Amino acid sequence: MAMKNELLQVAQNCRLNAYAPYSKFKVGAAVLTANNKIYGGCNVENASYPCGTCAEAGAVAAMIADGETTITEILIIADTECILPCGNCLQKIAEFGTEKTMIHSADLNGNIKTYTLQQLLPHNFKAGDIKC
Ligand SMILES: [Zn+2]
């Protein structure tokens, strides 16, 4: 529980810095690694829409840049009732998580819903699916 509060704090702070001048939809994310390290990220939009990146992508990139590779939990927060990672981000989380990786969805009113990666992406694409 303490870790979830820390994740919430980091994600909230990152959300405030989100660059979302086009959608006005600010999102913050924070990942917890197997070594109990936390990394945050926010969405970064671009005038050329496809160039934008999700908050989860930023948090995962910060984690990898610091040498961590295992996600045990991730928290996403936005100004909406229940935000879930997009399909692209679920695949990013799956690359570094397990079926049991917890995905917390938070809103600005303090509500948090928790899912497992298995629930949200039961059949992710795996390295073993690549055939040469
Ligand atoms: Zn996404």
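Two strands count as paired here if DSSP finds at least two bridges between them. With that in hand, let's walk through this predicted model, starting with its sheet.

**The sheet**

Strand S3 (residues 71-78) and strand S4 (residues 102-106) run parallel and are joined by 5 bridges. One residue pair to look for is Glu73, whose bridge partner in S4 is Met102. Stepping back, S3 and S4 belong to an open sheet of 5 strands with mixed pairing, in the order S2-S1-S3-S4-S5. S2 and strand S5 (112-116) form its edges, each pairing on one side only. On average, neighbouring strands of this sheet are turned by 20 degrees against each other, direction ignored. Helix H2 (residues 55-65) lies across S1, S2 and S3, and runs at about 140 degrees to S2.

**Loops with positive phi**

Which residues other than glycine have a positive phi? Lys24 and Asn36 are two to visit, and the table shows where each is found.

| Residue | Phi | Loop |
|---|---|---|
| Lys24 | near 65 degrees | between helix H1 (2-16) and strand S1 (27-33) |
| Asn36 | near 60 degrees | between S1 and strand S2 (38-42) |

Is Lys24 buried or exposed? Its relative accessible area is 65%, and because exposed means over 50%, Lys24 is exposed.

**A nonpolar patch**

Tyr22 is also found in the loop between H1 and S1. At 37% relative accessibility, Tyr22 counts as partly exposed, because that value falls between the 20% and 50% limits. Together with Tyr19, Val44 and Tyr49, Tyr22 makes a nonpolar surface patch of about 430 Å².

Conventions
Residues numbered from 1 in each chain as written. Predicted model: local features only at pLDDT ≥ 70, side-chain atom pairs only at ≥ 80, totals over all residues. Heavy atoms only, no water. Helix = DSSP H or I, 4+ residues; strand = E, 2+ residues; numbered from the N terminus. Buried < 20%, exposed > 50% of the residue type's maximum accessible area, 1.4 Å probe, protein only. Patch = residues over 30% accessible without salt bridge, like charges linked within 9 Å, V, L, I, M, F, W, Y side chains within 5 Å. Areas by Shrake-Rupley, 256 points an atom, 1.4 Å probe, with all protein chains shown as cover. Salt bridge = Lys/Arg side-chain N within 4 Å of Asp/Glu carboxyl O. Axes fitted to C-alpha atoms, helices over the stretch in contact; angles between N-to-C directions. Contact = heavy atoms within 4.5 Å.
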